[in-house]
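Okay, thanks everyone, I'll keep this short. Have the sequence and the structure up on your screens, and I'll talk you through a few places worth finding.

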Amino acid sequence: MNHLREEIWFNTPNRRDYINITAKVEEFVRKSGIQNGLVLINAMHITASVYINDDEPGLLEDYDEWLEKLAPHAPTSQYCHNRTGEDNADAHLKRQIMGREVVVAITDGKLDFGPWEQIFYAEFDGRRKKRVLVKIIGE
Amino acid sequence: MNHLREEIWFNTPNRRDYINITAKVEEFVRKSGIQNGLVLINAMHITASVYINDDEPGLLEDYDEWLEKLAPHAPTSQYCHNRTGEDNADAHLKRQIMGREVVVAITDGKLDFGPWEQIFYAEFDGRRKKRVLVKIIGE
Amino acid sequence: MNHLREEIWFNTPNRRDYINITAKVEEFVRKSGIQNGLVLINAMHITASVYINDDEPGLLEDYDEWLEKLAPHAPTSQYCHNRTGEDNADAHLKRQIMGREVVVAITDGKLDFGPWEQIFYAEFDGRRKKRVLVKIIGE
């Protein structure tokens, strides 16, 4: 069994951002030389998500509005967590909807993807340094 | 490390459907001959889910109603994504609630499941050909 | 490839509870002797979740209130599933929001975690014996 570990770093300009990281993950899969296996891609922070869906700007707007409806940022006083001095409780909730991680199959040295699958980093509490872990195992 | 890759194809009659695929996955695990490892089962399309829960008809109705409440199909004009000519923005949202994939342990050549765990394919934009990927790794 | 399989058992005093199981999983990773690989941690029951987020009491309260708003327990008659004699349909819904499982990378013999990542068992239909599966593979 072979393995590779890499990180992707972010410092997004906005509180919430949606960034396509597929090309970066593909690069790490090539670098690993692994032909068959699994790749885990996970947010290392608890107010961000890694998810797989379409890279279509309208859809990213829809996600953002929908998440804000299901778990609104304001008023920040509605959340117990914000009594700690934070204002990001909503980000911990939004991240549960979108998920922490994805696991993708590697076949013949490539991400084994359907036609529209793209890997996204979703930031819900940005404007600070954060990172994603990429761990590849296989042969 | 051994591995096996299989696909399961669907063309559901309705926009939304919930299909138990456990027996199919069990068959692939047997075929792989793998005694200990992991199996990844993921939708290859971005308007469908693979999830694990109970095979109880009332619950499937509950999921369907609940998802329609959290992310209604109509009016389709409420979603930016539908400006592309699609009418399936809601399906991209529903899929995030139910998830893209599951990872299941294989122990002694079998799916290592609790008493009620069943693997489902959830279709949110059916009436077209779509598929699920099954990737097994282990020894 | 090496592997280890362990279970963690629960019998929570309340219908809903949130329990930090990180130390237990770390213990199993050490016991496995695996230096690089993946660990799968999943609820073996379909009315419970395993998820990763912050161990902050205010946040646990926020999750609980939020889940109860998105999928209320009462009136139990609102759910088709409860016609079976159960009263836990809401627990099957809440579990889909929080997820069934997490997959965590193992690097240098340790859980490869960001600064605040903690593994939680979330019980949505407690007061009975239930368990979590921990499956580790790697080398």
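Let's start where chain A meets chain B: about 2,600 Å² is buried between them, with carbon and sulfur atoms giving 60% of that. Before I go on, a reminder that this is a predicted model. If you're wondering about that number, the size of an interface is often given as the accessible area lost when the parts come together.

So which residues of chain A lose the most area to chain B? Those are Leu38(A), Asp62(A) and Trp66(A), and together they make up 20% of what the chain A side buries. In terms of contacts, 34 residues of chain A touch 29 residues of chain B.

Now the polar side of that interface. Chain A and chain B share 2 salt bridges. One of these you can find at Glu117(A) and Arg100(B), where the side chains meet at 2.8 Å, N to O. On top of that, there's a count of 18 residue pairs in polar contact between chain A and chain B, where both residues have pLDDT 80 or more.

Where does chain A's side of this come from? Several elements each supply at least two residues to the side that touches chain B: strand 3 (37-43), strand 4 (48-53), helix 2, helix 3, strand 5 and strand 8 (130-138) of chain A. And if you sort the residues on that side of chain A by type, you get 19 nonpolar, 7 polar and 8 charged.

Okay, on to the rings. How many aromatic pairs are there over all chains? The count comes to 12. Let me show you two of them, both in chain B.

Take Phe10(B) and Tyr121(B): this pair is stacked, 3.9 Å centre to centre, with 10° between the planes. Why might you care about that one? Phe10(B) sits in strand 1 (residues 2-10) of chain B and Tyr121(B) in strand 7 (residues 118-123) of chain B, so the pair ties together parts that are 111 residues apart in sequence. As for exposure, Phe10(B) is buried at 9% relative accessible area, and Tyr121(B) is buried too, at 0%.

The other pair I picked is Tyr18(B) with Phe124(B), and this one is edge-to-face: 6.2 Å centre to centre, 70° between the planes. Tyr18(B) is in strand 2 (residues 17-20) of chain B, while Phe124(B) is in the loop between strand 7 and strand 8 (130-138) of chain B, so here the pair ties together parts that are 106 residues apart in sequence. Buried or exposed, then, for Tyr18(B)? Tyr18(B) is buried, with a relative accessible area of 16%, and Phe124(B) is buried at 0%.

Hop back to chain A for a moment, and you'll find Tyr51(A), Tyr63(A) and Phe120(A) linked into a cluster by ring pairs.

Next up, a histidine in chain C. His73(C) is in the loop between helix 2 (57-70) and helix 3 (89-98) of chain C. With a relative accessible area of 14%, against a cut-off of under 20%, His73(C) counts as buried. What does its side chain make a polar contact with? That would be the side chain of Asp90(C), at 2.9 Å. Setting aside neighbours within four places in sequence, His73(C) is in contact with Arg15(C), Glu68(C), Gln78(C), Tyr79(C), Asp87(C), Asp90(C) and Lys94(C).

Last topic, the backbone. Zoom in on Ala74(A) and Pro75(A), and you'll see that they're joined by a cis peptide bond, with omega about -5°. Pro75(A) is in the loop between helix 2 (57-70) and helix 3 (89-98) of chain A. Chain B has a cis bond from Ala74(B) to Pro75(B), with omega near -5°, and Pro75(B) is in the loop between helix 2 (57-70) and helix 3 (89-98) of chain B.

Then there's Asp108(A), which has a positive phi of about 50° although it isn't a glycine. Where is Asp108(A) found? In the loop between strand 5 (101-107) and strand 6 (110-111) of chain A, and at 59% relative accessibility Asp108(A) counts as exposed. Over in chain C, Asp108(C) has a positive phi near 50°. Asp108(C) lies in the loop between strand 5 (101-107) and strand 6 (110-111) of chain C, and counts as exposed at 60% relative accessibility.

That's my tour, so over to you.

Terms used: Residues are numbered from 1 along each chain as its sequence is written. Chains are lettered from A and ligands numbered from 1 in the order in which they are written. Side-chain values use heavy atoms; hydrogens and water are left out. Helices (H or I, at least four residues) and strands (E, at least two) are DSSP runs, numbered from the N terminus. Buried means under 20% relative accessible area, exposed over 50%, partly exposed in between (1.4 Å probe, protein chains only). Rings of Phe, Tyr and Trp (its six-membered ring) pair if their centres lie within 6.5 Å; planes under 30 degrees apart count as stacked, over 60 as edge-to-face and the rest as tilted. Contact means heavy atoms within 4.5 Å. Buried area is the accessible area (1.4 Å probe) that two parts lose on being put together, summed over both. A salt bridge is a side-chain nitrogen of Lys or Arg within 4 Å of a carboxyl oxygen of Asp or Glu. A polar contact is a pair of N or O atoms within 3.5 Å; within protein, one must be able to donate a hydrogen and the other to accept it, and residues adjacent in sequence count only if both atoms are side-chain atoms. Ala, Val, Leu, Ile, Met, Phe, Trp, Tyr, Cys and Pro count as nonpolar, Asp, Glu, Lys and Arg as charged, and the others, Gly among them, as polar.
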